[in-house]
Amino acid sequence: MGPGRPRRPGRFSEGPWSIESASGGTRPYAKHARSLSARNLRQRVIALTLGGAVVVAITIVAAPKAVNYFRAKPSVPLQNAVAVRNEAAAWIARWVSSSAVVACDRLMCSTLQAHHVPAEQFMLINPSSIDPVGSDVVVETAIVRSLYGGRLGAVYAPAILARFGSGNARIDIRVTSRYGSAVRFERKLQANVSARRLGGQALLSNRRIAESALAATQLRAGMVDSRILATIAPLVATCRCSLTILGFAGAAPGASKGMPLLSVDITAGDSADRGPAVSAGYERAEMPASLARILAFLRAQRQLLQPASVREITKPGGLTLIRADYAAPTPLTFPDSTA
């Protein structure tokens, strides 16, 4: 509006957002605008209040579930699979030779390494692996089964050294074969069992060796590892003493028929006359010099006849014995080795 021009009645001096007119009265438009602003403000406050209440309610309901989710333990099948892998790895760490090549999938190899099996022993099995040829022992997990199917048991590794778990979590520890089929391997295995029976009979006929009733049964059945049979006879001559075989052990869970016992407990004692019961040997005073010679002989063995571990054990009743554990058989020691 130019200078000197009179104002027109009904015009706002401060624009449409003014509360009062130039004449001092409240304009209808301003009252309407103010009521709209107040209404919008109330609606926003109500909306925010309701939204906050909803958020609080959701938090109260969902928070415990979220905490439980993150605190939840792994599922039972997963826990079972982990336990089976650890059990199999512990068995391999104890019973499989440190010179054996172990074929395993990546996860099983990691578990074995956690059980102090050196990575230098591993032959990694993955989807590009054609076969486990070149290994001594195959750890058959669900992954390995899916890769080789029935060929593993029919061709590459027919015999089971030990079995752990069941279902999809099952792990079979297999010894590989150099014969190309399960049938040929089985023939060699039976020949080995027959040779073990002959070796057992030879020990039973040795008058300087006594044995418990169970040990005698195991020897007659050809259940004892050939390396043990081949060691005991010369041991008697070397230690210049009589021996009592207290028992054989080392049978693995789920092993194939014909897998040998890998552990022997022996002690020094005069049992040459065969007169007293073997239990009397428990009450005899063992000769420390004889036990020392037995230990020295076993520890001096080389190559195939060397035990994996030899130790002296004193039972609570005072009996001192020597326990020799042999590694699980591999293609180098089984089934061609004979006593």
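Which residues in α2 meet which residues in α3? Before I answer, please keep in mind that this is a predicted model, in which local features need pLDDT of at least 70 and side-chain atom pairs count only at pLDDT 80 or more, while totals for chains, interfaces and linings use all residues. Residues are numbered from 1 along each chain as its sequence is written, and side-chain values use heavy atoms, with hydrogens and water left out.

Now to the helices, which, like the strands, are DSSP runs numbered from the N terminus (H or I, at least four residues, for helices; E, at least two, for strands). On the α2 side we find Arg85, Asn86, Ala88, Ala89 and Ile92, and they meet Leu107, Met108, Thr111 and Leu112 in α3, where contact means heavy atoms within 4.5 Å. The residues of this contact divide into six nonpolar, two polar and one charged, counting Ala, Val, Leu, Ile, Met, Phe, Trp, Tyr, Cys and Pro as nonpolar, Asp, Glu, Lys and Arg as charged, and the others, Gly among them, as polar.

Two packed helices are described by the angle between their axes and the distance between the axes. For α2 (residues 76-95) and α3 (residues 106-114) the angle is about 60 degrees and the axes are 9 Å apart; the axes are lines fitted to C-alpha atoms, for helices over the stretch in contact, and angles run from 0 to 180 degrees between N-to-C directions. The two helices are therefore oblique to each other, given that angles under 35 degrees count as roughly parallel, over 145 as roughly antiparallel, 65 to 115 as roughly perpendicular and the rest as oblique.

Let us turn to α7 (residues 213-220), where Ala215, Ala216, Gln218 and Leu219 are buried, that is, under 20% relative accessible area, with exposed meaning over 50% and partly exposed in between (1.4 Å probe, protein chains only). These buried residues cover an arc of only 165 degrees around the axis, which puts them on the same side of α7; the arc is that of the directions from the helix axis to the C-beta atoms. The face turned away from that side carries the exposed residues Ala213 and Leu214, whereas the buried residues pack against α6, β6, α8 and β7.

Finally, consider two loop residues. Gln301, in the loop between α9 and β9, is buried, with a relative accessible area of 14%, while Asn168, in the loop between β4 and β5, counts as exposed at 66% relative accessibility.
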